[in-house]
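Biologist: Please choose a single part of this model and take me through it closely, since I am new to it.

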Amino acid sequence: MKQQIIVSGLGGQGALTITRMLAEAAAALDLEVLTSETHGMAQRGGTVISMIKVGPFRGPLIPPGRADVGLFLALKNLAVHRFYLKADAPVFVNSPVPGDFQNIDAQGLARQLGAAVAANLILLGYAAGKQALFCGPELLEQVIRDKTPERFREVNLKAFHLGVAEVR
Amino acid sequence: MESESLKEPKQHRILMGNEAMARGLVEAGVTLAASYPGTPASEILQAVPGFAREAGVALHAEWSVNEKVAYETALANSMCGRRSAVSMKQVGLNVASDPFMRSAYLGVKGGLVVISADDPGPHSSQTEQDSRFFAMFAKIPVLDPSGPREAKSMVGQALRFSEKYEMPVMLRPTTRVCHARQNVPLFRPQSLERLAMFEKNPGRWCATPQYLRELHRLLNQKIEEIAAEEEFFPILTPGDDAFPGACIIASGVALAHTWDLLEEMDLLRRLDLYQVTMPYPLHRDFISHIKSRYQKVLVLEETYPVIELQLALDLVQGRRNKAVPGEGELTPEVIRRVLERFLDLPAAAAVTLPAGEATRPTLCAGCAHRAAFYAIRETFPEGLFPSDIGCYTLGLNLGAVDTCHCMGAGISQAAGFYHAYAAAAAKVPSIVATIGDSTFFHAGVPALINAVFHQARLVLVILDNSTTAMTGHQPTPEVGLTAAAQRGQPVHIADLVRACGVGFLKEADPYDIPGFVSLLKEADGYCRSENGGVAVIIARHPCMLDREARKAQSVLEMCVTEDCTGCRHCLDEFECPALSLDEATYQVVIDGARCIGCGVCVHVCPMGAIKAETKG
């Protein structure tokens with residue numbers, strides 16, 4: 001099993017949380033996993049990218065054109081980070097507007113949920129529901145349950161379920 | 001003693017490289033870890049108290065006021081025979097360079113690992129400097145991990161050799177190791193049960209010049225001996241004969257990227273690949289080994305040619321002959337092109353480069369630094385604004401930061417600017433320096449003493465948000481909480497400022513922009529008065545990423561009225577991320593999800609079109 005995933009967003013949108021959940025899911029399947037994250041100044045609202053490499057890799061970075069799946073928390077980041085993806089890779093974008101990608105209005109749904117910051121888990125749920133990830137929604141749900149601090153647990157689970165449900 | 005860590009791992013856990021090193025410190029029996037926060041190293045010390053608590057281990061973990069102090073504190077623990085660690089970002093080692101250099105000569109007792117995290121790119125630093133070069137300069141051995149798992153095991157290795165040779169050993173991770181996550185095996189922490197015992201030996205611990213020649217000879221001998229250690233002969237992954245006479249030598253994360261690329265190109269195990277785990281001193285026999293076997297050698301390492309210079313062979317391709325770019329991060333795309341040229345392979349189809357521009361970072365909505373910078377810029381349109389290192393460097397977006405050099409430099413530069421204009425008998429502009437609370441403790445105090453003593457006339461605004469925000473909210477001495485979340489003895493910025501001899505000191509909340517503007521004018525007036533000097537304003541407002549502070553603050557209901565003319569003043573001069581222009585109506589709109597209701601923008605709109613109401 002080998003899968004390379006990019007998560008692109010703006011600092012504060014929760015790209016790191018998605019990254020951590022995917023890494024924990026890989027570990028739960030006894031798969032090797034390496035991730036890479038953006039820290040520091042860019043976290044103040046700047047463009048950030050995380051990479052998740054599942055399988056027997058040694059380096060944490062994905063070369064251009066090699067990513068199997070893309071999760072975009074900001075539509076405008078497509079222009080910046082799409083080059084990391086393979087030509088036929090599924091691309092999931094937090095956007096109310098459709099395009100040459102699979103869109104879900106994660107921000108709008110999160111607002112309805114009363115938790116604007118949970119758009120990240122809605123997007124993750126949507127991609128998992130589409131069976132695009134190395135693991136299914138059941139495992140990710142378990143990981144979110146186990147690895148989320150208590151005060152965010154319920155809302156994060158709700159957001160994730162909302163994303164999964166959008167597929168059906 | 002080592003057998004504990006050789007046992008089957010109890011479990012695996014996903015850890016960030018920095019957390020993995022922290023865990024490594026606890027497992028290796030370290031009893032004192034000190035640091036000053038800085039990307040990409042901050043999470044190392046941050047994770048130490050948690051792992052210690054979890055393992056039931058007693059140790060002293062501290063956020064020191066700066067890296068020099070951290071180094072000296074850890075060194076003394078080591079002089080008492082106990083294992084010690086000091087961690088920092090690469091430019092932190094510049095600050096700690098004085099004790100670092102001398103500790104090579106005087107050595108250590110208990111193992112001392114110096115973790116200096118480099119930032120090729122750079123992503124979040126002032127330079128791309130290579131700490132391994134610094135280690136070579138100091139004659140201190142350095143290990144170069146290729147990933148989080150290896151970084152953790154190298155912590156134990158570094159401490160073991162540090163004790164064997166009684167010298168500090170550096171561990172040099174890079175950003176891609178520090179901020180990678182990997183499943184990492186956990187072992188039971190060693191309990192070394194050593195007493196703290198400082199043995200007096202003035203010839204060593206106070207070494208005057210008469211002793212140093214001998215200590216230098218001993219240091220040279222130690223370096224020669226460690227260079228012969230079997231354990232540090234570079235690790236060979238042999239190839240077949242597809243590329244006769246060629247090999248690749250790599251270290252750190254460059255090795256990891258190269259490994260993955262060779263695998264992707266179906267070239268792994270087609271040519272000899274060496275991993276150098278100790279780039280300085282390079283293994284004694286490695287140079288002749290390479291010379292006798294290969295005609296064509298590629299060296300890949302971050303960020304300066306440390307291995308390359310020690311090999312000193314003309315057959316080496318690398319940074320010296322420009323086969324490898326001399327600056328910037330060695331990302332997979334960069335290394336791929338280097339490999340293709342080295343192996344005479346056709347270049348892979350070029351990937352279309354991104355058309356879009358990355359979004360630049362900005363101060364958070366509700367950040368009081370924005371209010372302070374806006375007020376400074378509005379008050380002194382012709383002012384000079386030296387600044388410093390932290391979130392507030394983003395004040396450059398607001399035109400209120402003209403310099404950013406290194407920790408504490410803003411105050412000295414402000415004084416230097418004053419003397420430059422004053423000595424040239426020119427009209428002295430208003431000079432307003434800004435510095436964060438943590439940076440002020442780090443290196444601002446000596447600079448302030450110097451500015452006061454030499455009668456510089458400047459306004460210093462200390463932006464006190466009660467935390468070290470940029471690096472993940474480490475407490476400052478004023479907050480009074482230690483790294484282990486215990487009470488310390490608080491040290492107050494205002495007391496320090498007074499003790500530096502400053503004659504004008506006021507505190508204010510910059511949220512009140514009109515009040516802050518008049519305070520700035522008053523401070524400038526003091527500077528220009530007959531007996532004026534340095535004026536200090538402490539701009540006090542907590543960081544809005546602090547959940548408790550945010551909860552304690554009242555939330556205003558913000559709206560934009562029809563009076564908005566779309567003049568863009570609030571967007572361009574204030575740059576709050578919650579404000580944007582609706583292209584259809586050409587009026588400003590407020591993003592309710594990002595706005596925290598601080599109400600500062602009410603003072604900013606020239607038309608008075610932004611209104612605030614207290615939420616019912």
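**Where the two chains join**

Modeller: Strand β2(A) and strand β8 of chain B (residues 180-186) are paired in the antiparallel sense over three bridges, where two strands count as paired if DSSP finds at least two bridges between them. Helices (H or I, at least four residues) and strands (E, at least two) are DSSP runs, numbered from the N terminus. The model is a predicted one, in which local features need pLDDT of at least 70 and side-chain atom pairs count only at pLDDT 80 or more, while totals for chains, interfaces and linings use all residues. Residues are numbered from 1 along each chain as its sequence is written, and chains are lettered from A and ligands numbered from 1 in the order in which they are written.

Within this pairing, S36(A) has A180(B) as its bridge partner in β8(B). The pair belongs to an open sheet of eight strands with mixed pairing, whose order is β6(A)-β5(A)-β4(A)-β1(A)-β3(A)-β2(A)-β8(B)-β1(B). At its edges stand β6 of chain A (102-104) and β1 of chain B (11-16), each of which pairs on one side only. On average, neighbouring strands of this sheet are turned by 20° against each other, with direction ignored; axes are lines fitted to C-alpha atoms, for helices over the stretch in contact, and angles run from 0 to 180 degrees between N-to-C directions.

Within chain A, the sheet includes β4 (residues 69-72) and β5 (residues 91-94), which pair in the parallel sense over three bridges, and F72(A) finds its bridge partner in V93(A) of β5(A). On the chain B side, helix α8 (residues 148-165) lies across β1 and β8 of chain B and runs at about 50° to β8(B).

The contact as a whole takes 34 residues from chain A and 41 residues from chain B, with two residues counted as in contact if their C-beta atoms, placed from the backbone, lie within 7 Å. On the side of chain A that touches chain B, α1 (15-28), β2 (33-36) and α2 (78-81) each supply at least two residues, and the largest share, four residues, comes from β2(A). Sorted by class, that side of chain A has 16 nonpolar, eleven polar and seven charged residues; here Ala, Val, Leu, Ile, Met, Phe, Trp, Tyr, Cys and Pro count as nonpolar, Asp, Glu, Lys and Arg as charged, and the others, Gly among them, as polar.

As background to this junction, chain A has six helices and six strands, which run β-α-β-β-β-α-β-β-α-α-α-α from the N terminus on. Its radius of gyration is 14 Å, close to the 15 Å that the globule rule gives for 168 residues, so chain A is as compact as a globular protein of that length; the radius is taken over C-alpha atoms, and the rule is 2.2 Å times the number of residues to the power 0.38. Of the 168 residues in chain A, 61% are buried, where buried means that 20 or more other C-beta atoms lie within 10 Å of the residue's own, exposed means 12 or fewer, and partly exposed lies in between, with C-beta atoms placed from the backbone. Chain B, for its part, has 22 helices and 23 strands, and buried residues make up 52% of its 616 residues.
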